[in-house]
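This report introduces a protein structure to a reader who has not seen it before. The sequence and the structure come first, and the description follows.

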Amino acid sequence: MFEPSRHVSSFFLAGFQHHDGALVFDKLKVGTQLELAAERDNPYDSNAMALSLDGVMIGYVPKSENALLSILDYYGHE
């Protein structure tokens, strides 16, 4: 059966050094599912998409990569 790819983009995590990523670094592996949350009220970027693992903020989708994900999130795609 055909399974469409859910891969949308690859990028480096922005702001990892400024958040609590070190607390969950040992859990980060290829394929680990992260939580993605829009921050529409972010004063620096209205398309900001925060990434966290087990409730720990680890950084953001880079501004150069977040527009498509923000639009998909806005329209309810997961």
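The text below covers the overall layout, then the helix, the largest pocket and several individual residues.

**Overall layout**

The model is predicted. The average pLDDT of the protein chain is 90, and 97% of the residues score at least 70. Among the elements, strand E2 (residues 49–53) has the highest mean pLDDT, 96, and helix H1 (residues 66–74) has the lowest, 93.

The protein chain contains one helix and three strands. Read from the N terminus, these elements follow the order β-β-β-α. Along the principal axes, the C-alpha atoms fill a box of roughly 40 × 30 × 20 Å. The protein chain has 78 residues, and 24% of them count as buried. Of the contacts between residues at least 6 apart in sequence, 43% join residues at least 24 apart.

**The helix**

Which residues of H1 are buried? They are Asn66, Leu69 and Ser70. Seen down the axis of H1, these buried residues fall within an arc of 100 degrees, so they line one face of the helix. The buried residues of H1 pack against E2.

Serine 70, a residue of helix H1, has a relative accessible area of 3%. Serine 70 therefore counts as buried, the cut-off being under 20%. Apart from neighbours within four places in sequence, serine 70 is in contact with Arg40, Ser46, Asn47 and Met49.

Isoleucine 71 is also found in helix H1. With a relative accessible area of 48%, isoleucine 71 is partly exposed. Between isoleucine 71 and asparagine 47 there are 8.1 Å in space, C-alpha to C-alpha, and the two are 24 residues apart in sequence. After H1 comes glycine 76, which has a positive phi, near 90 degrees.

**The largest pocket**

The largest pocket holds about 1300 Å³ of space. Its lining is made up of 26 residues; Phe11, Thr32, Leu34, Leu36 and Leu51 are the ones nearest the centre of the pocket. Strand E1 (35–38), E2 and H1 are the elements that give two or more residues to this lining. H1 provides the largest share, three residues. By type, the lining of the largest pocket has 14 nonpolar, seven polar and five charged residues.

**Residues before E1**

Phenylalanine 25 is located in the segment before E1. Its relative accessible area is 53%, and phenylalanine 25 is exposed.

Leucine 28 also lies in the segment before E1. Is leucine 28 buried, partly exposed or exposed? At a relative accessible area of 27%, leucine 28 is partly exposed, because this value falls between the 20% limit for buried and the 50% limit for exposed. Leaving out residues up to four places away in sequence, leucine 28 touches Phe16, Leu34, Leu53 and Ile58. One of these, Leu34, is among the residues nearest the centre of the largest pocket.

**Residues in the loops**

Aspartate 41 sits in the loop between E1 and E2. The relative accessibility of aspartate 41 is 70%, so this residue counts as exposed.

Aspartate 54 belongs to the loop between E2 and strand E3 (56–60). What is the phi of aspartate 54? It is near 55 degrees, a positive value in a residue other than glycine. Most residues other than glycine have a negative phi.

**Distances between residues**

The table lists C-alpha distances for pairs of residues that are separated along the chain.

| Pair | Separation along the chain | C-alpha distance |
|---|---|---|
| Aspartate 41 and leucine 13 | 28 residues | 20 Å |
| Leucine 28 and leucine 53 | 25 residues | 8.4 Å |
| Phenylalanine 25 and isoleucine 58 | 33 residues | 9.1 Å |
| Isoleucine 71 and asparagine 47 | 24 residues | 8.1 Å |

The pair of leucine 28 and leucine 53, with C-alpha atoms 8.4 Å apart, also appears among the contacts of leucine 28. Likewise, asparagine 47, listed in the table with isoleucine 71, is one of the residues in contact with serine 70.

Terms used:
Residues numbered from 1 in each chain as written. Predicted model: local features only at pLDDT ≥ 70, side-chain atom pairs only at ≥ 80, totals over all residues. Heavy atoms only, no water. pLDDT = per-residue confidence, 0-100. Helix = DSSP H or I, 4+ residues; strand = E, 2+ residues; numbered from the N terminus. Buried < 20%, exposed > 50% of the residue type's maximum accessible area, 1.4 Å probe, protein only. Arc of directions from axis to C-beta. Contact = heavy atoms within 4.5 Å. 1 Å grid on protein atoms, 1.4 Å probe; cavity = no way out; pocket = protein on both sides within 12 Å on 5 of 7 lines; lining within 4 Å. Points joined across faces, edges and corners; volume = space filled by probe spheres on them. Nonpolar A, V, L, I, M, F, W, Y, C, P; charged D, E, K, R; others polar.
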